[in-house]
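Please look over the sequence and the structure shown here before reading on. The report that follows takes up a few selected features in turn.

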Amino acid sequence: MNSLKIYNTLTREKEIFNPIHSPYVGMYLCGPTVSGESHLGHIRPAVTFDIINRYLKYLGYIVRYVRNITDAGHFEEEGRESQDKVANKARLEQLEPMEMVTRYTNLYRDAMDKLNVLRPSIEPTATGHIVEQINMIEDIMSKGFAYEVNGSVYFDVTRYAQENDYGRLSGRKIGEMIAGSRELEGQGEKRNPADFALWKNAPPEHLMRWRSPWGEGFPGWHIECSAMSSKYLGAPFDIHGGGMDLLFPHHESEIAQTKIAVGKPVANYWVHNNMITIKGQKMSKSLGNTITISQMTDGNHLLLEQAYSPMTLRFFILQTHYRSTLDFSNEVLMAAEKGLQRLLQAQRTLKDLAYNEVDSDFNQEEDNIVKQLIDSCTVHMNDDLNTAMVLASLFELSSKIYSWQNAQLKISSISRETFVLLLKTFNDFVSDVLGLKDEITVDDSKMNELMDLLIALRKEAREKKDFHTSDKIRDNLKKIGIQLKDGKEGTTWGV
RNA sequence: GGUCAGAUGGCCGAGUGGCUAGGCAGAGCUCUGCAAAAGCUCUUACAGCGGUUCGAAUCCGCUUCUGACCUCCA
């Protein structure tokens, strides 16, 4: 159970995963800011940590997985933008800020469901935890690590850094940061450019605002994660995740806030996924090169030659190790689409395979190869969640499965025990651990019976050499998207 | 400018001090009424230059190039 190794950004090393209160595991992931529709970049951490969540459960851990929704605060720019867009319309048609974040939260959740991302145990929102955030800010102020200026509150990084290692996670030195930081507007209130906001005074045009001891305003970006993670998981908890771009300043700030408020580190393992790039450049809102999830699944984007299903996206992400950048292109997605179908077809085929025991066929070498491939799934997952290698093993097993189906290899060359183990492992890894599934439901029994009938009719026609009829059945089915596959053991079909 | 990652075959992508994933694409073969599906085989790669080593693509150094972070971002 504890042979799992995870790369910890804090130590820059792969470490054996030991939860604080095994078998319980606490995990927190920085979720999306719902000021716009989720894009491809948002689904990488969701899928990555879904894999961790699923694998921990597979290993027998009981996971409390908290993934927040940032629906408050620091997106006033976007709020203003949307106001401008609707400025000419009637005021009644304007979206309430809460309406906007609800809309995008719903879209995000729908997308997560389609991607087969398991729902988190708790999905707290920033707006639902204003009180907790204000309390934490007051606590930090009372300890002397934050100060108020004109209704805004800032964290005193310089003071914190005197006794704490600010910058350890992101690997930077506070002196260099101050020297290198640019002069930005609104920095005037800070005592030091490295300080960050805990609470912001709301200008009149800011629609989302709450009463606080410092006047009407809204919380700074970082404080919500400290407040919500410590509330639901305590401190320290086991795993804190997020995209690499959050390393600084977001996670660094979280560490500082929690250290002062709670007196303890945030988490033992910090896990960061790398970025999705497009033509070698990071996909991000500010660069304007994002592709939203709905554009992806509709094929409605200049760079897309066709629509890609959510499962294709999921597979595409899993083909690359989570700490590598992942470059998007049509070619890669088309390859992913085909690869995924091949894998799922193998899974279906395996389910229908019957084991026939013939003692004389047993081949120890063959049996060992299959056993080793089965073992390698766990071995690769344990090595910092190497889903790319797990897929490679599953593909090698797929070749075996297809060979058995076509009677090119004898299934009895492996032992019954190995076959049973394969059946379980293959399904567990494809469906439960990697979360890959057929998107078209073919388990409709009437549909299956109908197809069996058509296949039987075609078989009869072929036996009578009535190829006109048999080809008509085959070709017309192809027209409606159903493909017949003739194998040694009979005909199967797929979509 | 500072910090940190990378550079792998036609494309994408793992991994490793010697036995050298996998997917997609391409070629040939097997099966098949034809086709599709499936299987098998094939093209043998690790940016450049030095060094360590019996041996490096894998370790070390330098060079070039690319990207990320340093500001809201997943």
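## A covered strand and its partners

In this predicted model, strand β9, which spans residues 237–243, is mostly covered, since seven of its seven residues are buried, each with under 20% relative accessible area. Strand β9 is paired with two strands, as the table sets out.

| Strand paired with β9 | Bridges | Direction | Opposite residues |
|---|---|---|---|
| β3 (residues 24–29) | three | parallel | Leu-29 and Gly-241 |
| β10 (residues 267–273) | six | parallel | Gly-241 and Val-271 |

Gly-241 of β9 thus stands opposite Leu-29 and also opposite Val-271 in β10. From β9 the chain passes through helix α8, residues 247–261, before it reaches β10, and this β-α-β crossover is right-handed.

## A residue in helix α10

Helix α10 covers residues 310–318 and includes Ile-317. Is Ile-317 buried or exposed? Ile-317 counts as buried because its relative accessibility is 3%, and buried means under 20%. Not counting residues up to four places away in sequence, Ile-317 touches Ile-43, Arg-44, Val-47 and Leu-326. Asp-327 lies 10 residues from Ile-317 along the chain, and the C-alpha atoms of these two residues are separated by 9.9 Å.

## A nonpolar patch on the surface

On the surface, Leu-450, Leu-453 and Leu-457 form a nonpolar patch, and together these residues have about 280 Å² of accessible area. Leu-450 is found in helix α15, which runs over residues 445–463. With a relative accessible area of 46%, Leu-450 is partly exposed, and it can therefore belong to a patch, as patch residues need over 30%.

Methods: Residues are numbered from 1 along each chain as its sequence is written. Chains are lettered from A and ligands numbered from 1 in the order in which they are written. This is a predicted model: local features need pLDDT of at least 70, side-chain atom pairs count only at pLDDT 80 or more; totals for chains, interfaces and linings use all residues. Side-chain values use heavy atoms; hydrogens and water are left out. Patches are made of residues with over 30% relative accessible area and no salt bridge: like charges are joined within 9 Å, nonpolar side chains (Val, Leu, Ile, Met, Phe, Trp, Tyr) within 5 Å. Accessible areas come from the Shrake-Rupley method with a 1.4 Å probe; for residues, only the protein chains shown count as cover. A salt bridge is a side-chain nitrogen of Lys or Arg within 4 Å of a carboxyl oxygen of Asp or Glu. Helices (H or I, at least four residues) and strands (E, at least two) are DSSP runs, numbered from the N terminus. Buried means under 20% relative accessible area, exposed over 50%, partly exposed in between (1.4 Å probe, protein chains only). Two strands pair if DSSP finds at least two bridges between them. A crossover is right-handed if, with the strands pointing away from the viewer, the path from the first strand over the helix to the second runs clockwise. Contact means heavy atoms within 4.5 Å.
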